[in-house]
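Please find below a colleague's note on the structure, set out as numbered points. The topics are charged pairs, nonpolar cores, one loop residue and one surface patch.

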Amino acid sequence: MAKKTVEAPPEPEVLVNGKGRATPSRREREAANRRPIVVADRKAARRQSRTRESEYRERARIGLANGEERYLPARDKGPQRKFARDWVDSQWTIGEFLIPVFVLFFVATLLIPAATWLFFPLYGYLALTIADGLFRAAVIRRRIAQKLGDKTKVERGLNLYVVMRSAQFRNLRVPKPTVKRNTRVEF
């Protein structure tokens with residue numbers, strides 16, 4: 001046979017009136033809130049403030065480098081900017097080699113001082129870099145407009161953002177690239 005379990009009847013709830021403690025007097029509340037205007041040990045307070053600020057700056061630096069939205073400056077915030085960053089970072093760009101080309105140009109002008117003709121290839125490469133960046137910006141703007149259904153919803157300043165990002169070394173870009181090369185990026 002099965003044993004019957006006997007359940008105890010529920011205990012009646014005890015109603016408590018009030019909050020269960022006395023209300024502090026005004027004098028007690030003011031005394032609890034009273035702090036000195038100037039701390040007693042100013043050097044220790046300054047040290048503590050500096051360490052707190054340096055910890056915050058370090059967190060912000062790491063967050064910015066990792067692309068955390070909270071720490072990004074206004075120019076990098078938003079889903080459209082993130083898509084533009086990821087799109088540029090997923091491909092090789094002509095502008096990535098702009099700085100080495102400039103260095104080669106300066107070395108060449110030191111070795112061959114009378115070679116003014118070297119300016120033409122340099123300006124050509126610079127124009128090619130800008131054209132490549134503007135082409136990428138147009139592709140990005142078109143994809144964002146397709147996704148949002150209206151090209152007036154595309155953020156202003158996206159062209160310059162894309163051109164500037166595509167003209168930097170990949171490992172010097174801030175925020176750091178979060179996608180690998182040759183990966184497909186969707187908005």
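1. Asp89 and Arg173 form a salt bridge in this predicted model, with their closest N and O atoms 2.7 Å apart. The pair links distant parts of the chain, since Asp89 lies in helix 3 and Arg173 in the segment after helix 6, 84 residues apart. Both Asp89 and Arg173 are buried. Through shared partners, salt bridges join Asp89, Glu96, Arg165, Arg173 and Arg181 into one network.

2. Within that network, the side chain of Asp89 also meets that of Arg165 in a salt bridge, at 2.8 Å from N to O. Here too distant parts of the chain are linked: Arg165 belongs to helix 6 and Asp89 to helix 3, with their positions 76 residues apart. Arg165 and Asp89 are both buried.

3. A further salt bridge pairs the side chains of Arg81 and Glu155 (3.0 Å, N to O). Arg81 is in helix 3, whereas Glu155 is in the loop between helix 5 and helix 6, 74 residues apart. Is each partner buried or partly exposed? Arg81 counts as buried because its relative accessibility is 10%, under the 20% limit. Glu155 counts as partly exposed because its value of 26% falls between the limits of 20% and 50%. The model's count of salt bridges comes to eleven.

4. Turning to nonpolar packing, the largest nonpolar core has 14 residues. Those with the most contacts inside this core are Phe83, Ala84, Trp87, Ile140, Ile144, Leu158 and Val162. Helix 3 (79-89), helix 5 (119-148) and helix 6 (158-166) each supply at least two of the core's residues, and helix 5 gives the most, with five.

5. Ala84 offers one view of this packing: leaving aside neighbours within four places in sequence, Ala84 is in contact with Ile140, Leu158, Tyr161 and Val162. A second, separate core has five residues, among them Phe105, Ala108, Ala115 and Leu122.

6. Ser90 lies in the loop between helix 3 and helix 4. Ser90 is buried because its relative accessible area is 4%, under the 20% limit. Residues up to four places away in sequence aside, Ser90 touches Arg170, Val179, Lys180, Arg181, Asn182, Thr183 and Val185.

7. On the surface, Ile99, Val103, Val107, Leu111 and Ile112 form a nonpolar patch, with about 450 Å² of accessible area together. One of these residues, Leu111, is found in helix 4 (residues 98-111). Leu111 counts as exposed because its relative accessibility is 68%, over the 50% limit.

Methods. Residues numbered from 1 in each chain as written. Predicted model: local features only at pLDDT ≥ 70, side-chain atom pairs only at ≥ 80, totals over all residues. Heavy atoms only, no water. Patch = residues over 30% accessible without salt bridge, like charges linked within 9 Å, V, L, I, M, F, W, Y side chains within 5 Å. Areas by Shrake-Rupley, 256 points an atom, 1.4 Å probe, with all protein chains shown as cover. Salt bridge = Lys/Arg side-chain N within 4 Å of Asp/Glu carboxyl O. Helix = DSSP H or I, 4+ residues; strand = E, 2+ residues; numbered from the N terminus. Buried < 20%, exposed > 50% of the residue type's maximum accessible area, 1.4 Å probe, protein only. Core = buried A, V, L, I, M, F, W, Y, C linked by side-chain atoms within 4.5 Å. Contact = heavy atoms within 4.5 Å.
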